[in-house]
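Reader: I would like a close look at one helix and its surroundings. Please keep it brisk.

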Amino acid sequence: MGPTISQPATSLGETLPASEKRIIFAALLLVFFLSALDQTIVSTAMPTIVRELQGLDLYPWVTTGYLLTSTVMVPIWGKLGDLFGRKRILLIGVGVFILGSLLCGVAGEFGYLPLLGSGMMQLVIFRGIQGIGGGALFTTAFAIIADLFPPRERGKYAGLFGAVFGLASIIGPIVGGYFTDHGSITVSGLYIAGWRWVFYINLPLSFIALALITLRMPEIGEVRKGRIDYFGGLFVMLAIGAFMLALSLGGQGEGWTSPSVLGLFAMSIVATIVFIMIERVFPEPVLPLGLFGISAFTTATIASFVMAMAFMGAIAYLPLYLQLGLGIGATNSGLALTPLMAGLLVSATLSGRHVSRTGEYKGVMIAAALVNMFGVFLLSRLTSQSSEWDVIWRLFVMGLGLGPAQSLFNLVAQSAAPLHQIGAATSTSMFLRQTGGMVGVSLFGVMLTTSLTRDLSALVPGGKIDLGRMEMLAISGGGGAVRQIPPVVADAFANAMSAIFLAALGTTAIGLVAILFIPRILLRGASARIEPAPAE
């Protein structure tokens, strides 16, 4: 029998009335929904945005800019929450998110601006600001769950977060498409383009969340004095920012051996070394390296990184296959992903309830990984002759395997970490999971372009596939009707996606091995008992 780790609930979690907890949880769900919705609602508006703001070359950076800043800020927000309290940090995060949403909505409205440049460049910069706030929403919401509820109860509530993520992923593209097509209005002689409501819709929801947090949420977490690790925060931003920029530029046509990409990789390595040196000696590090000395935390974080890499890397390009491989219109290709999120929603909810009822979740994680692998294998068998239904039921199977991963890895990280480092543990786990997703998108994107360039070079001027232009061609096709795709193009996309799914299958298998090494944690009320895995 391994060591026993006692994780008592916070005094606030023990004394707060159930009705107050429900109100706080509702506010957290709204905050989480906002952050998840913002990652999906923009996609269907992008063709119109690019056409109006004249910035096709900057098209990929509208998404990349948000992901970069939100990912880099996650560990910083988590540590600030540990030092100054979750409520204060959550309010600041929502405020920055509101500012970013408002600025995104007015991007290009006043033409070219000094320092900010064209309308499309303004949108990229403002999306980065929005991402800074978005990073606080995710990590602080999960950390507050750990403050409010003892370990055994967290599974149920964390499962609801996974369900909300699935819901946002389903309705985001639909709402974004509707506002883009039908939302244009004129108010007092001022014309407001429909796509701007994709960002303005965040404002009323954010103000509701802001009011609930301000009026009904007490201070969450232990507020304590401490020095802020400014240099640690600076160098983690440099390390991850340079790394993500290198992956993005390398996958978007710069080439992996170009001086700019190699220079960014070198900068990332140097900044990482300096960051580790700082974190080893600073008394209040942004990312406590001691957490990686905890077996449960380390193995769960590795598994989360690998699983996110496989999932995001494969799913990011599935709409491209649906539209340019099977000829499904942009609207219907978005709806075709609904079964994936439906499966995710079902399994996330049921697994959370199971964990709360039994206190056991390692078996759920193993079963989910196996189901996920089966779903990915089924997807790898798709061809250019497959039907929309062939895709739909396979995505549902994959979604069933993905649901538990949305919350249980964080649950393990939180349960294994010392109570005063819950914020840092939550943010570190989420930070590495988001990083894994971005690495997967970049690497699998290289696989896709390499395969397409090989098969379609004779049809493309210069013989080089530009993934950004291919995505624009797909999502600007319009409508939900099936389009006629040349057989050579359809076959090329089917072959490329089959290779990507096989790579995702191997990556998921590595994640399963990591899960097997996670120490078994049995949750009973407010305490957790950790039994070392056989390998230990």
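Author: What follows takes one helix, then the cores, then a helix pair. The model is predicted.

Start with helix α5, residues 86-105. The helix has 20 residues. From first C-alpha to last, α5 reaches 28 Å, close to the 28 Å expected at 1.5 Å a residue.

Which residues of α5 are buried? They are R86, K87, I89, L90, G93, V94, F97, I98, G100, S101, C104 and G105. An α-helix has 3.6 residues a turn, so residues three or four places apart point the same way. In α5, the buried set includes L90, V94 and F97.

What covers these buried residues? The cover includes α2 (18-38), α4 (59-84) and α6 (119-148). It also includes α8 (197-200), α9 (202-216) and α19 (422-456).

Now take L90. Setting aside residues up to four places away in sequence, L90 touches L28, V31, A136, L137, T140, I144, I213 and M217. L90 is also among the residues with the most contacts inside the largest nonpolar core, which has 84 residues. L28, M46, I49, M120, L123 and F161 are listed with it there. Apart from that core lies another, of 65 residues, including L411, A492, A514 and I515.

Finally, α19, one of the elements covering α5, also meets α18 (residues 408-416). Their axes come within 9 Å and cross at roughly 145 degrees. The crossing is right-handed. From α18, the contact uses F409, N410, A413 and Q414. From α19, it uses I422, A425, T426, S429, M430 and R433. By class, five residues in this contact are nonpolar, four polar and one charged.

Terms used
Residues numbered from 1 in each chain as written. Predicted model: local features only at pLDDT ≥ 70, side-chain atom pairs only at ≥ 80, totals over all residues. Heavy atoms only, no water. Helix = DSSP H or I, 4+ residues; strand = E, 2+ residues; numbered from the N terminus. Expected span 1.5 Å × (residues − 1). Buried < 20%, exposed > 50% of the residue type's maximum accessible area, 1.4 Å probe, protein only. Contact = heavy atoms within 4.5 Å. Axes fitted to C-alpha atoms, helices over the stretch in contact; angles between N-to-C directions. Left-handed = near helix turned anticlockwise from the far one by under 90°. Nonpolar A, V, L, I, M, F, W, Y, C, P; charged D, E, K, R; others polar. Core = buried A, V, L, I, M, F, W, Y, C linked by side-chain atoms within 4.5 Å.
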